[in-house]
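These are my notebook entries on one protein model. I set down what I looked up, in the order in which I looked.

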Amino acid sequence: MDRNIRANMLEGMRRMLPKEVFKIIRRMARSAEEQQLKAYVVGGFVRDLLLGLKNLDVDIVVEGDAIEFAGSAAERLNAALVAHKKFGTATLIFRKPVGGVKFKIDIATARTETYQHPAALPSVRFGSIRDDLYRRDFTINAMAVSMDKKNFGELIDFFGGRRDLERKRIRVLHGKSFIDDPTRIFRAVRFEQRYGFKIDKETVSLITHALKREMFDKVSGERLWGEIELLLKESDPLKAIKRMRTLYGLRSIDPKIRFGSKSENICKNIKGLYGRFKVYFLKKRPLDLWLAYFMAIIDNLSLKETLEACSRFAVKRGDRLRLVSCKKNEKSVMRMLCDKSEVDPSVIYRLLEPLPYETLLYIMAKCGRGLVKVRVKDFLTKYNGMRLKMRGEDLKNIGISPGPEFTKILEKALYAKLDGKLKTKRDEISFAKRSAGVVK
Ligand code: ATP
């Protein structure tokens with residue numbers, strides 16, 4: 001192996017990795033040596049290292065028993081060990097976080113995979129590092145870095161991954177790749193768009209061939225949904241969706257999805273509006289931006305078709321609830337928001353408050369009208385955070401005990417405050433007294 005490459009890999013690891021991670025890898029290499037095992041860092045970590053990008057997803061493959069190796073490494077490094085006996089893999093979880101997040105390393109035994117029939121789960125046998133790399137999706141993900149003492153840092157690249165990185169190409173390792181596992185089609189688009197690469201010509205025709213054979217129909221809904229989520233979590237999902245469209249149309253995902261210029265515009269607006277209102281959207285809980293993009297993708301589907309798509313993709317319950325709530329409410333909410341007559345803030349509040357933020361963002365993006373944007377913006381920036389100054393204690397002091405009436409009065413007082421009728425705490429208490437009939 002070219003000495004320069006080895007030096008570069010080592011230099012890259014030193015430069016890119018936090019010191020403690022580099023040390024951990026070194027110490028694991030020592031464990032491997034003591035057990036006379038060959039160990040390698042593999043996959044996305046190596047790809048990103050060569051690209052000079054930060055990636056702390058360390059995956060290690062050993063030619064030998066991964067769980068046994070992980071056990072001794074866990075002791076040496078004082079890490080917690082989680083063994084997955086069924087798969088012959090293990091995870092080391094480190095007590096000290098790295099860069100503020102929990103740090104873990106996955107370890108697997110090198111294996112070879114064979115697919116009994118298209119899109120089936122593979123049968124697995126233990127094998128060499130070459131076998132293990134050959135079962136991977138693309139050449140750029142099929143490289144390893146040796147952890148051997150003698151050649152620590154050596155790049156193992158049987159299939160031209162480094163050259164493809166230089167040529168900016170996504171290329172499969174063999175012609176049956178997408179038939180074995182059609183989810184790799186999503187992965188090809190994901191990596192291509194993320195790195196600004198090109199899917200190799202032959203690989204594109206293999207994709208088209210697999211899609212013509214309707215290979216996605218053979219994949220479980222859960223796996224497809226997982227891939228859709230990952231694709232939409234990329235930094236520019238619109239580019240990725242459009243690329244999926246040029247490959248074989250989105251009909252391979254769902255025959256009813258159109259994804260025309262209207263959906264494209266919604267996606268563009270989602271990106272822009274999220275950038276502008278992020279702080280408000282994130283005030284209460286994380287917003288699943290990718291789900292708002294999915295709402296744009298299925299914009300042309302009816303409620304019934306949305307429910308069918310949800311069953312086909314085995315959409316998770318929480319995601320399904322938000323998609324269905326969006327379909328059920330979007331028309332009536334948009335009608336109200338577009339109404340040019342004066343609408344009280346409390347009415348807007350009651351309309352928008354029960355909706356998931358993803359739906360709000362999608363509605364805002366869908367309605368080009370300024371009035372809608374202003375109303376949703378007011379809801380997000382002013383009304384949604386508004387609180388009463390009076391507390392439950394104040395109500396108790398004026399003789400209203402907790403119960404349904406108590407809650408109703410607090411709610412009514414909040415609406416009055418939203419509409420600008422109550423300014424001070426004293427106003428609020430007087431309002432409560434009047435509402436409870438304590439005073440006229
Ligand atoms: P990302 O940067 O998006 O996390 P990744 O490639 O680093 O991508 P994983 O999806 O965790 O991360 O995959 C790790 C490695 O496992 C890949 O680099 C690839 O070698 C292999 N791999 C993952 N999915 C597949 C697949 N469907 N078919 C073949 N190999 C796969």
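**Entry 1: a pair of strands.** I began with A80, which stands opposite I93 in β4. I note at the outset that this is a predicted model. I then asked which residue stands opposite T89 in β4. I found that H84 takes that place. β3 and strand β4, the latter spanning residues 89-93, pair in the antiparallel sense, and I recorded five bridges for them. I also looked up the turn of this hairpin: four residues lie between the strands, and G88 takes a positive phi near 65° there.

**Entry 2: the whole sheet.** I next asked in what order the strands of the sheet are arranged. Seven strands form an open sheet, and I read the order as β3-β4-β5-β2-β1-β8-β9, with mixed pairing. The edges are taken by β3 (80-84) and β9 (155-156); each has a single partner strand, so one side of each is left without a neighbour in the sheet.

**Entry 3: helices on the sheet.** I looked up helix α3 (residues 44-51) and found that it packs on the sheet, where it touches β1 (38-42), β2 (58-63), β8 (144-146) and β9. The direction of α3 makes about 60° with that of β1. Helix α4, residues 66-77, packs on the sheet as well; I listed its contacts as β2, β3, β4 and β5 (104-109). For α4 I noted an angle of about 10° with the direction of β4.

**Entry 4: domains.** I consulted the domain assignment of the protein, which gives domain 1 (3-164), domain 2 (167-253), domain 3 (258-385) and domain 4 (392-436). How many Å separate the centres of domain 1 and domain 4? Taken over C-alpha atoms, the separation is 62 Å.

**Entry 5: the ligand.** I counted the surroundings of the ligand as 13 residues, of which the closest are N141, D181, R184, R187 and R194. I then looked up individual contacts. A polar backbone atom of N141 is 2.9 Å from an oxygen atom of the ligand. For R190, a polar side-chain atom lies 3.0 Å from a ligand oxygen atom. In the side chain of R194, an N or O atom is 2.6 Å from an oxygen atom of the ligand. On its own the ligand has 600 Å² of accessible area, and the protein covers 73% of this.

**Entry 6: two backbone angles.** Finally, I looked up two residues with positive phi. E214 is not a glycine, yet its phi is positive, at about 55°. I located E214 in the loop between α9 (201-212) and α10 (221-232). F259, also not a glycine, has a positive phi of about 50°. I placed F259 in the loop between α11 (237-248) and α12 (261-281).

Conventions: Residues are numbered from 1 along each chain as its sequence is written. This is a predicted model: local features need pLDDT of at least 70, side-chain atom pairs count only at pLDDT 80 or more; totals for chains, interfaces and linings use all residues. Side-chain values use heavy atoms; hydrogens and water are left out. Two strands pair if DSSP finds at least two bridges between them. Contact means heavy atoms within 4.5 Å. Axes are lines fitted to C-alpha atoms, for helices over the stretch in contact, and angles run from 0 to 180 degrees between N-to-C directions. Domain bounds come from an automatic or database domain assignment. A residue is near a molecule or strand if one of its heavy atoms lies within 4 Å of it. A polar contact is a pair of N or O atoms within 3.5 Å; within protein, one must be able to donate a hydrogen and the other to accept it, and residues adjacent in sequence count only if both atoms are side-chain atoms. Accessible areas come from the Shrake-Rupley method with a 1.4 Å probe; for residues, only the protein chains shown count as cover.
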